[in-house]
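Grab a pencil and try these short exercises on a protein model. Each one has a task, then a worked solution you can follow step by step.

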Amino acid sequence: MDAPWRVLSAEELEKQYSPSEWVVRRGAQEALQTYLQMGSEATSKARATRKSQLDVPYGDGEGEKVDIYFPDAASEALPFFVFFHGGYWQSGSKDQSAFMVNPLTAHGVAVVIVAYDIAPKGTIDKMVDQVARSIAFVQKSFPENKGLFLCGHSAGAQLAAMMLLVNWSKHGVTPSLKGFFLMSGIYDLEPLLSTSQNAPLHMTPEDARRNSPQRHLEAAPVEPGNSACPVLVIVGQHDSPEFHRQSWEFYETLCQTGWKASFEELPSVDHFEIIWNLTREEDRLNQVGPGPPTVTAKGPISKVKDHSENHLQ
């Protein structure tokens with residue numbers, strides 16, 4: 001049976017994978033501008049008000065840097081929230097991505113914002129490798145941490161999801177992964193091949209398959225130590241139907257392959273609001289730490305497997 005996206009016209013496929021076309025409270029350009037403005041303002045505020053280490057190199061490349069923000073009572077024995085920005089692997093920056101820093105550091109969580117080489121300088125293969133090396137760097141730098149919690153938005157969710165497949169022995173460390181937050185992600189890259197999003201990426205079908213966590217998860221047995229690591233797959237109510245389909249199918253695959261997965265559709269938010277709302281301490285996702293997230297099923301209730309736990313404890 002062909003994947004649902006294969007029956008879409010070229011025009012519809014383009015629209016499905018253009019998140020700004022689905023915003024409901026503002027125009028496409030206004031949504032993008034607001035997203036960038038809020039990210040820049042949140043980052044400026046975080047840098048001005050929080051203890052931080054900025055532009056810390058995790059590799060030799062010019063773009064291989066992280067910003068690390070600490071709670072007031074800083075120590076190595078902290079949970080670390082590691083964030084990978086979106087932008088379709090071709091835009092975005094750590095300098096505009098500290099949305100959640102102030103709310104999380106106020107609750108005793110250190111936050112790491114990761115930079116990686118976006119296209120056309122970087123390929124998706126290179127980005128996946130950089131993200132893995134950034135995680136290894138954080139683990140080696142803070143070996144007494146209380147757990148690393150990986151979060152990615154949009155393209156960043158694909159990069160974070162690829163970390164489920166990493167052979168960490170190649171990096172000389174086993175990171176203390178305690179949770180994944182995957183927000184409005186794409187987990188099968190093949191539909192993008194014939195859209196304008198692929199123009200700067202130059203993905204071949206082989207590239208797309210190699211970097212699609214949806215396709216590889218079934219072949220990657222869950223390591224015993226990872227089976228208790230919860231994965232929360234999140235999508236906004238006003239994300240496109242294709243983003244909803246990708247998120248639900250990835251959640252189902254996680255469940256089928258032994259991961260502790262949960263799924264949540266956040267009401268009333270679009271692809272951009274889902275992340276910029278993290279600037280607010282009372283936002284739903286900033287409250288995940290104190291208790292388990294609820295699961296809002298998009299499919300038959302019998303398919304829901306909520307194995308979530310206390311993510312930031």
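**Warm-up: the whole chain**

The protein chain has nine helices and eight strands. Keep in mind that this is a predicted model.

**Exercise 1.** Work out what share of the 313 residues counts as buried, and what supplies the exposed surface.

*Solution.*
- Step 1: A residue counts as buried when its relative accessible area is under 20%.
- Step 2: By that cut-off, 55% of the 313 residues are buried.
- Step 3: Now look at the outside: the chain exposes about 12,800 Å², and 51% of this comes from carbon and sulfur atoms.

**Exercise 2.** Find out which strands pair with β6, and in which sense.

*Solution.*
- Step 1: Locate β6 at residues 177-183, where six of the seven residues are buried.
- Step 2: Check one partner, β5 (residues 148-153): the two strands pair in the parallel sense over six bridges. Here Phe-149 sits opposite Gly-179 of β6.
- Step 3: Check another partner, β7 (residues 230-236): it runs parallel to β6, and four bridges join the two. Across this pairing, Leu-182 faces Val-233 of β7.

**Exercise 3.** Describe how β5 is linked to β6 in the β-α-β unit, and say how covered the helix is.

*Solution.*
- Step 1: Follow β5, then helix α5 (residues 155-162), then β6: together they form a right-handed β-α-β unit.
- Step 2: Count the covered positions in α5: eight of its eight residues are buried.
- Step 3: Name a few of them: the buried residues include Ala-155, Gln-158, Leu-159 and Met-162.

**Exercise 4.** Is Thr-195 buried or exposed, and what does it touch away from its sequence neighbours?

*Solution.*
- Step 1: Find Thr-195 in the loop between β6 and α6 (205-210).
- Step 2: Its relative accessible area is 7%, so Thr-195 is buried.
- Step 3: Skip the neighbours within four places in sequence, and Thr-195 is in contact with Leu-13 and Glu-14.
- Step 4: Put this beside the whole chain: among contacts between residues at least 6 apart in sequence, 76% join residues at least 24 apart.

**Exercise 5.** How many cavities of 30 Å³ or more does the structure hold, and what lines the second largest?

*Solution.*
- Step 1: Here's the idea: rolling a probe the size of a water molecule over the atoms shows where empty space is left.
- Step 2: Searching the whole structure turns up two cavities of 30 Å³ or more.
- Step 3: The second largest holds about 50 Å³ of space.
- Step 4: Its lining includes Tyr-35, His-85, Gln-96 and Phe-99.

Definitions and conventions:
Residues are numbered from 1 along each chain as its sequence is written. This is a predicted model: local features need pLDDT of at least 70, side-chain atom pairs count only at pLDDT 80 or more; totals for chains, interfaces and linings use all residues. Side-chain values use heavy atoms; hydrogens and water are left out. Buried means under 20% relative accessible area, exposed over 50%, partly exposed in between (1.4 Å probe, protein chains only). Contact means heavy atoms within 4.5 Å. Accessible areas come from the Shrake-Rupley method with a 1.4 Å probe; for residues, only the protein chains shown count as cover. Two strands pair if DSSP finds at least two bridges between them. A crossover is right-handed if, with the strands pointing away from the viewer, the path from the first strand over the helix to the second runs clockwise. On a 1 Å grid over the protein atoms alone, a cavity is a set of points where a 1.4 Å probe fits but cannot get out, and a pocket is an open set with protein on both sides within 12 Å along at least five of seven lines; lining residues have an atom within 4 Å of a point. Grid points are joined across faces, edges and corners, and a volume is the space filled by probe spheres set on the points.
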